[in-house]
Amino acid sequence: MQRFLNVALAAIALIFVLGLFSAARAGQKGSETKGRHFFRETCRQCHTKGAAGGEVTPLNKTMAQWREYFAKGTHNHGKEPLSQYLPADQLLDASTFLIQHAADSPQPETCGK
Ligand code: HEC
């Protein structure tokens, strides 16, 4: 009986640890598809030609420049946090979209069309 309990506990612990691992991994890498959606819906309100923020597309920066931009996390000449427009998880998705379609990426994309 004791042995059975030990095995069961070990199995539960393992499942728990694996769950944490995949959650952490999923958290690090955003969804490009969702990111395209969030970028179109939120960022492009101000970032089309002639709009307040000027045109912003993935092609505005290289992959490294987008990474740096989102690592810094500030917006509009450093005046405000990017997180005021999107919650952290959606911002991660948007950054994934922009990085994956940056000017020097394998699949450059002009805009969130
Ligand atoms: C309410 C309007 C608005 C929204 C929404 C908005 N921006 Fe901006 N953004 C601006 C303005 C204004 C500037 C400054 C433009 C300038 O000086 O030419 C700017 C500048 C930028 C720049 C140029 C670098 C900088 O920060 O100064 C980037 C890149 C950028 N925005 C990305 C984004 C992304 C990504 C989102 C969505 C998460 C977003 N913006 C949402 C208005 C907005």
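**Figure 1. Overview of the fold.** Four helices and two strands make up the secondary structure of this protein, which is shown here as a predicted model. If you trace the chain along its sequence, the elements follow the pattern α-α-α-β-β-α. The protein has 113 residues, of which 19% count as buried. Among contacts with a separation of 6 or more, 69% join residues that are 24 or more positions apart. The views that follow visit two helix pairs, some residues of α3, the loop between the strands and the surroundings of the ligand.

**Figure 2. Helix α2 crossing helix α4.** Let us begin with the helix pair α2 and α4. Packed helices are described by the angle between their axes and the distance between those axes. Helix α2 spans residues 32-41, and its axis comes within 7 Å of the axis of α4, with a crossing angle of roughly 100°. The two helices are therefore roughly perpendicular to each other, as an angle from 65 to 115 degrees counts as such. On the α2 side, the contact is made by Glu 32, Lys 34, Gly 35, Arg 36, Phe 38 and Phe 39. Helix α4 brings Gln 90, Asp 93, Ala 94, Ser 95, Thr 96, Phe 97, Leu 98 and Gln 100 to this contact. Sorted by class, the contact has 5 nonpolar, 5 polar and 4 charged residues.

**Figure 3. The buried residues of α2.** Staying with α2, which of its residues are buried? They are Gly 35, Arg 36, Phe 38 and Phe 39. What do these buried residues pack against? Their partner is helix α4, and each of the four also appears in the list of residues that make the contact between the two helices.

**Figure 4. Helix α3 alongside helix α4.** Here α4, residues 88-100, is seen with another partner, α3, which covers residues 63-72. The axes of α3 and α4 come within 8 Å and cross at roughly 160°. That makes α3 roughly antiparallel to α4, since angles over 145 degrees count as roughly antiparallel. The crossing of this pair is right-handed. From α3, the contact takes in Met 63, Trp 66, Arg 67 and Phe 70, while α4 supplies Ser 95, Leu 98 and Ile 99. By class, the residues in this contact are 5 nonpolar, 1 polar and 1 charged. Do look out for Ser 95 and Leu 98, which are listed in the contact with α3 and also in the contact with α2.

**Figure 5. Trp 66 and Tyr 69 on helix α3.** Trp 66 sits in helix α3. Is Trp 66 buried or exposed? With 23 other C-beta atoms within 10 Å, Trp 66 is buried, because the cut-off for a buried residue is 20 or more. Leaving aside residues up to four places away in sequence, Trp 66 touches Lys 61, Ser 95, Leu 98, Ile 99 and Ala 102. Between the C-alpha atoms of Trp 66 and Ala 103 the distance is 10.0 Å, for a pair 37 residues apart in sequence. Tyr 69 also has its place in helix α3. This tyrosine has 17 other C-beta atoms within 10 Å, so Tyr 69 is partly exposed. Its C-alpha atom is separated by 9.7 Å from that of Leu 82, 13 residues apart along the chain.

**Figure 6. The loop between β1 and β2.** This view turns to Asn 76, in the loop between β1 (74-75) and β2 (80-81), and to His 77, found in that loop as well. Most residues other than glycine have a negative phi. Asn 76, however, has a positive phi, near 55°. For His 77, also not a glycine, phi is positive at about 60°. Asn 76 counts as exposed, with 12 C-beta neighbours inside 10 Å. His 77 is exposed too, with 6 other C-beta atoms within 10 Å.

**Figure 7. The residues around the ligand.** How many residues surround the ligand? There are 17, and the closest are Cys 43, Cys 46, Gly 53, Asn 76 and Tyr 85. By class, this shell divides into 9 nonpolar and 8 polar residues, with no charged ones. Asn 76 links this view to the previous one, as this residue of the loop between β1 and β2 is among those closest to the ligand.

Terms used. Residues numbered from 1 in each chain as written. Predicted model: local features only at pLDDT ≥ 70, side-chain atom pairs only at ≥ 80, totals over all residues. Axes fitted to C-alpha atoms, helices over the stretch in contact; angles between N-to-C directions. Parallel < 35°, antiparallel > 145°, perpendicular 65-115°, else oblique. Left-handed = near helix turned anticlockwise from the far one by under 90°. Contact = placed C-beta atoms within 7 Å. Nonpolar A, V, L, I, M, F, W, Y, C, P; charged D, E, K, R; others polar. Near = placed C-beta within 6 Å.
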